[in-house]
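Please look over the sequence and the model shown here before reading on. The report then takes up one helix and two pockets.

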Amino acid sequence: MENDLLKIARLNKMVEEIEDYAILLLDRKGNIENWNKGAEKIKGYKASEIIGKNFETFYTTEDRKNGRPTLLITTAAEKGSVRDEGWRVRKDGTCFWGSVVITAIHDDEGAVIGFTKVTRDLTAQKENHERLKASEERYTRMVAEVQDYAIISLDTEGNIENWNSGAEKIKGYKPEEIIGKNFRTFYTEKDRQDKFPESFLARARENGRAQHEGWRVRKDGTYFWGSVVITALHDDEGNVIGFSKVTRDLTERKLAEETQQKYLEQLETRNREMEQLAYIASHDLQEPLRTINNFLDLFRIKYSHIVDEKGKMFIDVIMQSTGRMKELIKGVLDYSILGINQDIKEIDCNHLLQDVLKDLSLSISSTGASINVDPLPVIHGYNIELRQLFQNLISNAIKFRKPDTAPVINISANKSFDKWLFTISDNGIGIDNSVFHKIFLIFQRLHSRDQYPGTGMGLAYVKKIVELHNGKIWIDSQPGKGSTFYFMLADMIPAQSAIKSSRPVTISL
Ligand code: ADP
């Protein structure tokens, strides 16, 4: 007996000391009969403040209005116990999320004589859960509403489990038409026969991720160019439990690329044909020209005694014209074969310029030209052509000098992103900006031959050489104020030149 009393006392003490649970005894009407440490901690009342009060004190006004506390104890009385979760009110008026179990206590005859009520404060868990739920909801909505990407999830077999707006927009199916079907549906007949979708999924399973671009089929049978990434999803043990599949419709980009590629190929073919034509024409034209020259020479030797002065003058004019024609034909021939050797070398532009200036030394000294050269870079490029480029630009700067003014020419180079920007400026006669577009065209000249000798091919050469180096050329000039030619050159390092193995586009003759 004494033992039993001791046990009960220990039990009471244990209940009293428990801090994490509010453990209460209620009478049949729900009035509070005892109060433990946990109850005080969770609900804020001291035992003296709450014992004797009804447990509905902990319920919100609304719950009380709806009779929730009464419903709970009547249910517990009927069924033995009842579980409930909901917002409860602390002494200070703040709320906590309570998880409650109310259990009926019976006497020996089975009549309900009261209740135990165990409450846990799950506010922190509830808040975490809510936060998680909200973020999951936001995430789901975000995925669902993304328009530019089809974001779908697949089960381990590749069957579609969900479908977002982007998927509907790109592939044309409504969720109810496609969920449950296999993602093979989006592949062409040929891809399906080749079991491409299966091997794509297998790759994602093995490597965690697989990527592919190719033609896919919409609901209406039309094709789109899809860029697809499939990612394997794993459980905590590392087993694959499904896949995410993100698809972008890059049809427009693909078509634009194809059109551009076709256009480029056409242009290159045309260009090659034109160059070939120019080469053949100029090569073959030399032959009759040589014959004319030879016979004119013979004519002069054999019949000069019977030709009067006027006749001799005519022959001289014919000879001058054929000489000029020879020069032009050679020019076209040289133009057509610019860069044909694809001979890319490492070139120290400082040395190259020294050589060019040596070649031009006669005209430099005869005109009193001063040429200032800043340190220049070492680049990879077409050696002979680059020499020709500098030679043409510098000789033009000397040729188109102002009468009675010694040419002053400045040459410099600066790195501009991945290219070199060269500048060659002079203090010559300058050019009106209305004719800037003309001067780079072959045979286009702004002056008569009497004023300035030339063929009108120099700048056409220069432009083609710059383009051979993936660059561009432009001019800044004003009549009487000198000219500055700017041109960009790419460093044609072997890797770059290998990518661009075909000849670059050049202007037509
Ligand atoms: P060419 O020198 O044989 O006339 P180009 O193709 O080298 O042919 O030049 C085309 C035209 O551009 C020249 O006729 C000239 O009018 C103009 N030009 C070129 N360089 C200069 C320059 N540095 N200053 C002024 N005009 C120039």
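What follows describes a predicted model, beginning with a helix and then turning to the pockets.

Helix 10 comprises 12 residues, 196–207, and at 1.5 Å a residue it should span 16 Å, a value with which the 16 Å between its end C-alpha atoms agrees. Its buried residues are Phe196, Pro197, Phe200, Leu201 and Ala204. Because these buried residues cover an arc of only 135° around the axis, they lie on the same side of helix 10. Among the elements that cover them are strand 5 (149–154), helix 9 (189–193), strand 7 (209–217), strand 8 (223–234) and strand 9 (240–249). Just after helix 10, Gly208 adopts a positive phi of about 85°.

The two pockets can be set side by side.

| Pocket | Volume | Nonpolar lining residues | Polar lining residues | Charged lining residues |
|---|---|---|---|---|
| Largest pocket | about 800 Å³ | 12 residues | 15 residues | 7 residues |
| Second largest pocket | about 290 Å³ | 8 residues | 5 residues | no residues |

The largest pocket has a volume of about 800 Å³. Of its 34 lining residues, Asn396, Lys399, Met457, Gly458 and Leu459 are the closest to its centre. Helix 12 (309–336), helix 15 (383–399), helix 16 (458–468) and strand 16 (483–490) each contribute at least two residues to this lining, and helix 15 provides the largest share, 9 residues.

The second largest pocket has a volume of about 290 Å³. Among the 13 residues that line it, those closest to its centre are Tyr139, Val143, Ile151, Ser153 and Asn162. Helix 6 (123–145), strand 5 and strand 9 each supply at least two lining residues, with helix 6 giving the most, 4 residues.

Conventions
Residues numbered from 1 in each chain as written. Predicted model: local features only at pLDDT ≥ 70, side-chain atom pairs only at ≥ 80, totals over all residues. Heavy atoms only, no water. Expected span 1.5 Å × (residues − 1). Buried < 20%, exposed > 50% of the residue type's maximum accessible area, 1.4 Å probe, protein only. Arc of directions from axis to C-beta. Contact = heavy atoms within 4.5 Å. 1 Å grid on protein atoms, 1.4 Å probe; cavity = no way out; pocket = protein on both sides within 12 Å on 5 of 7 lines; lining within 4 Å. Points joined across faces, edges and corners; volume = space filled by probe spheres on them. Nonpolar A, V, L, I, M, F, W, Y, C, P; charged D, E, K, R; others polar.
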